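The following exercises concern strand pairing, salt bridges, backbone angles and nonpolar packing. Please work through each task with the sequence and the coordinates at hand before reading its solution.

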Amino acid sequence: MRFDATQLLREPAGTHTDIELDLGHQRLSDDLSVNAVKGRLTLWRTEKEVLVRGTLFVDIDLECGRCLSPTPTTLRLEVEERFRPASESTPQDEQVFPIDADKEIDLRPALQDLTVLSVPMHIVCRPDCAGLCPGCGQDLNKGSCDCETEDIDPRLIALKALIE
């Protein structure tokens with residue numbers, strides 16, 4: 001996910017180039033991989049940096065929050081990131097990614113950040129997912145289990161003892 005920016009950095013401000021992405025499996029970090037990255041990016045040359053804008057669609061396997069099964073999900077990422085040559089100083093309060101000494105833009109760190117921030121808080125494999133049995137861990141989507149399902153509020157267990 002590296003792009004050569006040599007020619008773009010030689011051009012005057014306002015110059016841009018479009019890039020179509022259709023990539024397979026990508027490892028964004030040690031603990032984050034995606035199945036595919038597709039979309040279109042525009043690299044704009046500004047006075048001191050390169051602005052990368054566009055929309056990417058990332059296919060990723062997430063875990064169902066109810067039954068823990070793998071759930072294929074497509075995330076839509078709106079990309080608007082700035083890249084500046086590493087030789088130039090950047091104020092501490094600005095989020096700017098470096099352009100390395102070979103004049104290449106590495107989109108991987110920005111894509112990792114955007115992917116992590118775009119993951120929904122609650123994923124379900126399907127709307128009617130039954131989840132796991134809290135007693136034995138059986139996947140209730142595949143069938144019921146033999147556990148007794150007595151829903152008693154733990155604060156009322158002392159009253160149940162009086163009835164018996």
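**Exercise 1. Strand pairing**

Determine how strand 5 is paired with strand 6, and how many bridges join the two. Then extend the analysis to strand 2 and strand 7.

*Solution.* The model is a predicted one.

Step 1. Strand 5 and strand 6 run antiparallel and are joined by ten bridges. The two strands form a hairpin, with four residues between them. Two pairs of opposed residues illustrate the register: arginine 45 faces valine 50 of strand 6, and arginine 40 has threonine 55 of strand 6 as its bridge partner.

Step 2. Strand 2 also pairs with strand 5, in the antiparallel sense and over eight bridges. Here aspartate 18 stands opposite threonine 42 of strand 5.

Step 3. Strand 6 pairs with strand 7 as well, again antiparallel, over 14 bridges. Leucine 51 has arginine 82 of strand 7 as its bridge partner.

Step 4. The burial of strand 5 can now be assessed. With under 20% relative accessible area as the cut-off for a buried residue, seven of the ten residues of strand 5 are buried, so this strand is largely enclosed by the rest of the structure.

**Exercise 2. Salt bridges between separate elements**

Which residue forms a salt bridge with arginine 40, and which parts of the chain does the pair tie together? Treat the partners of glutamate 49 in the same manner.

*Solution.* The structure holds ten salt bridges.

Step 1. Arginine 40 is bridged to glutamate 20, with the closest N and O atoms 2.9 Å apart. Because arginine 40 belongs to strand 5 and glutamate 20 to strand 2, the pair ties together parts that are 20 residues apart in sequence. Arginine 40 is partly exposed, at a relative accessible area of 44%, whereas glutamate 20 is exposed, at 55%.

Step 2. Arginine 82 forms a salt bridge with glutamate 49, and the closest N and O atoms are 2.7 Å apart. Arginine 82 is in strand 7 and glutamate 49 in the loop between strand 5 and strand 6, so this pair ties together parts that are 33 residues apart in sequence. Arginine 82 is partly exposed, with a relative accessible area of 26%; glutamate 49, at 10%, counts as buried.

Step 3. Glutamate 49 also meets arginine 84 in a salt bridge, at 2.6 Å from N to O. Arginine 84 lies in strand 7, and the two residues are 35 residues apart. Both glutamate 49 and arginine 84 are buried.

Step 4. Salt bridges with shared partners also join Arg2, Asp100, Glu104 and Asp106 into one network.

**Exercise 3. Positive phi angles**

Where do leucine 68 and lysine 103 lie, and are they buried or partly exposed?

*Solution.*

Step 1. Leucine 68 is located in the loop between strand 6 and strand 7. These strands form a hairpin with six residues between them. Phi of leucine 68 is near 65°, a positive value in a residue other than glycine. The residue is partly exposed, with a relative accessible area of 45%.

Step 2. Lysine 103 is located in the loop between strand 8 and strand 9. Its phi is near 60°, which is likewise positive in a residue other than glycine. Lysine 103 is partly exposed, with a relative accessible area of 37%.

**Exercise 4. The nonpolar core and a surface patch**

Which residues touch the most other members of the largest nonpolar core, and which residues form a nonpolar patch on the surface?

*Solution.*

Step 1. The largest nonpolar core has 31 residues, and Leu56 and Leu107 touch the most other members. Among the elements that give two or more residues to this core are helix 1, strand 2, strand 5, strand 7 and helix 2. Strand 6 provides the largest share, six residues.

Step 2. With neighbours within four places in sequence left aside, leucine 107 is in contact with Met1, Phe3, Leu41, Val52, Leu56 and Phe83.

Step 3. On the surface, Ile152, Leu156, Ile157, Leu159 and Leu162 form a nonpolar patch, and their accessible area together is about 490 Å². One of these residues, leucine 159, lies in helix 3, residues 157-163.

Notes: Residues numbered from 1 in each chain as written. Predicted model: local features only at pLDDT ≥ 70, side-chain atom pairs only at ≥ 80, totals over all residues. Heavy atoms only, no water. Core = buried A, V, L, I, M, F, W, Y, C linked by side-chain atoms within 4.5 Å. Buried < 20%, exposed > 50% of the residue type's maximum accessible area, 1.4 Å probe, protein only. Contact = heavy atoms within 4.5 Å. Patch = residues over 30% accessible without salt bridge, like charges linked within 9 Å, V, L, I, M, F, W, Y side chains within 5 Å. Areas by Shrake-Rupley, 256 points an atom, 1.4 Å probe, with all protein chains shown as cover. Salt bridge = Lys/Arg side-chain N within 4 Å of Asp/Glu carboxyl O. Pairing = 2+ DSSP bridges.
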